[in-house]
Amino acid sequence: PISQDRLGDPSRVAASVIIVPLRAGDRFIGALSIQSYDMDTYGEEHLAIMVDLAQQVTIAIENARLFEEAKENAQQVAALNEVSRAIAELKPLPELLEIVYQQTKKGINPDFFFIGLLVPETNEISFPLTYDEGVRYETDPGPISENSFLARFLRGEKAILINRTAEEIDATDQTEARTLGNQQRLSASFLVAPLVDRKSTR
């Protein structure tokens, strides 16, 4: 019979199988397998070879992961250093905010990015910089709604991380969910951090 779960040719059944787990310490990270369509192909010596090979493969995978993590960390540090350099040079605000966005792209590469600033005189929020999938949007200042991120920050909340499920996205009213950027698309993940000085939320 043809199996939908079988890898390779689903019409053939392996007669000899060795499957070895890949473990990094106590963590299971995957499996390594060899199989044959002939009977009694493998013995204990083949199993021993596969166990040794699995250890080497695990080390290679973990080293590759560590290298990628180190590279990502280096990119993030470089991005932060570039922003710090721009601040130290006292660049004009529009230029500084653009640098923040460009460096965020290098470190995180978000689909959607905005900077919102509190306007205390009118109790509104302005959006000097908004990008959606690389396209810049101009947005007029508006009132602070009760359930907005800024209102939550003004009530003392810290950084907010939200990861929506597919069901939550389907249940969200698109006409009400997005007021910035491309209003036809919904974000699946949010990370919003307050800008705070010594006196107030910015």
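Here is a short chat about how some residues in this predicted model get their labels.

User: Why is D40 called exposed?

Analyst: Its relative accessible area is 70%, and exposed means over 50%, so D40 earns the label. You'll find D40 in the loop between strand 2 (27-36) and helix 1 (44-88).

User: What makes the phi of D40 worth a look?

Analyst: Phi of D40 is near 55°, which is a positive value, and the residue is not a glycine.

User: Where is N123, and what is its phi near?

Analyst: N123 is in the loop between strand 3 (112-119) and strand 4 (124-132). Its phi is near 55°, again a positive value in a residue other than glycine.

User: Why does N123 count as partly exposed?

Analyst: N123 has 49% relative accessibility. Buried would need a value under 20% and exposed one over 50%, with partly exposed in between, so N123 lands in the middle class.

User: On to helix 1. Why is M50 called buried?

Analyst: M50 is found in helix 1, and its relative accessible area is just 6%. Since buried means under 20%, the label follows for M50.

User: Which residues does M50 touch, leaving out those up to four places away in sequence?

Analyst: I18, V20, L32, S33 and I34. For V20 there's a C-alpha separation from M50 too: 6.9 Å, with the two residues 30 apart along the chain.

User: What makes A48 partly exposed?

Analyst: A48, also found in helix 1, has 40% relative accessibility. Partly exposed sits between the 20% and 50% cut-offs, so that's where A48 goes. The C-alpha atoms of A48 and V20 are separated by 9.9 Å, and these two are 28 residues apart along the chain.

User: How do you know that S16 is buried?

Analyst: S16 comes in at 7% relative accessibility, and the cut-off for buried is under 20%, so S16 qualifies. S16 is found in strand 1 (residues 16-24).

User: What does the side chain of S16 reach?

Analyst: The backbone oxygen of D38, at 2.8 Å. A polar contact asks for N or O atoms within 3.5 Å, so on distance this pair fits.

User: Which residues does S16 touch, again skipping those up to four places away in sequence?

Analyst: I34, Q35, S36, D38, M39, D40, T41 and Y42. Among them is D40, the loop residue we started with.

Conventions: Residues numbered from 1 in each chain as written. Predicted model: local features only at pLDDT ≥ 70, side-chain atom pairs only at ≥ 80, totals over all residues. Heavy atoms only, no water. Helix = DSSP H or I, 4+ residues; strand = E, 2+ residues; numbered from the N terminus. Buried < 20%, exposed > 50% of the residue type's maximum accessible area, 1.4 Å probe, protein only. Contact = heavy atoms within 4.5 Å. Polar contact = N/O pair within 3.5 Å; in protein donor to acceptor, adjacent residues only side chain to side chain.
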